[in-house]
Amino acid sequence: MPGIPPVMMGSEDFPMLVAGIEDAETLFVEVGGGAPDVMKKYMSTGELPPLNHNPKFRIDNPGLAITTAVQANSTLLLDAFLAGDAE
């Protein structure tokens, strides 16, 4: 179906950062950094673009991707912090 990426298996070793720490909470956020027209092309075929461990992976505007990642993470962390204070 165009517009929906295919289902894929994946793994991430992010949870290992807190392995062995009792009651640790983690948050993992993926932020894209590709050009919208490139992503639209891939999505129309049902394919995923080259992901971060692929030698063809490319970020067209790394400054934008980094800025977006920092803003997204900051917003999520602030929301989580404020939610914790409300309880």
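**Exercise 1. Decide whether methionine 39 is buried, partly exposed or exposed in this predicted model, and place it in the fold.**

Solution. Start with the relative accessible area of methionine 39, which is 34%. Buried would need a value under 20%, and exposed a value over 50%. Methionine 39 therefore counts as partly exposed. Next, look at the secondary structure: methionine 39 sits in helix H1, which spans 36-45. Finally, check a partner along the chain. Proline 49 is 10 residues away from methionine 39 in sequence, and their C-alpha atoms are 7.0 Å apart.

**Exercise 2. Describe the backbone and the exposure of aspartate 23.**

Solution. Begin with the torsion: phi of aspartate 23 is near 60 degrees. That is a positive value, and the residue is not glycine. Now locate aspartate 23, which belongs to the segment before H1. Then take its relative accessibility of 68%. The cut-off for exposed is over 50%, so aspartate 23 counts as exposed.

**Exercise 3. Find which residues form a nonpolar patch with leucine 27.**

Solution. First place leucine 27: like aspartate 23, leucine 27 is in the segment before helix H1. Its relative accessibility is 44%, so leucine 27 counts as partly exposed. Patch members need over 30% relative accessible area. The partners are Leu76 and Leu77, and the three leucines together offer about 270 Å² of accessible area on the surface.

**Exercise 4. Search for aromatic pairs and for a charge over a ring.**

Solution. Take the rings first. A pair of aromatic rings is described by the distance of the centres and the angle of the planes. Across the whole structure, the search returns zero aromatic pairs. Then turn to the charge: lysine 41 lies over the face of tyrosine 42, 4.7 Å from the ring centre.

**Exercise 5. Sum up the protein chain as a whole.**

Solution. Count the elements: the chain has two helices and zero strands. Of its 87 residues, 6% count as buried. The accessible surface is about 7,600 Å², with 61% belonging to carbon and sulfur atoms. Last come the contacts between residues at least 6 apart in sequence: 63% of them join residues at least 24 apart.

Technical notes: Residues numbered from 1 in each chain as written. Predicted model: local features only at pLDDT ≥ 70, side-chain atom pairs only at ≥ 80, totals over all residues. Heavy atoms only, no water. Helix = DSSP H or I, 4+ residues; strand = E, 2+ residues; numbered from the N terminus. Buried < 20%, exposed > 50% of the residue type's maximum accessible area, 1.4 Å probe, protein only. Contact = heavy atoms within 4.5 Å. Areas by Shrake-Rupley, 256 points an atom, 1.4 Å probe, with all protein chains shown as cover. Phe/Tyr/Trp six-rings, centres within 6.5 Å; stacked < 30°, edge-to-face > 60°. Lys NZ or Arg CZ within 6 Å of the ring centre and 35° of its normal. Patch = residues over 30% accessible without salt bridge, like charges linked within 9 Å, V, L, I, M, F, W, Y side chains within 5 Å. Salt bridge = Lys/Arg side-chain N within 4 Å of Asp/Glu carboxyl O.
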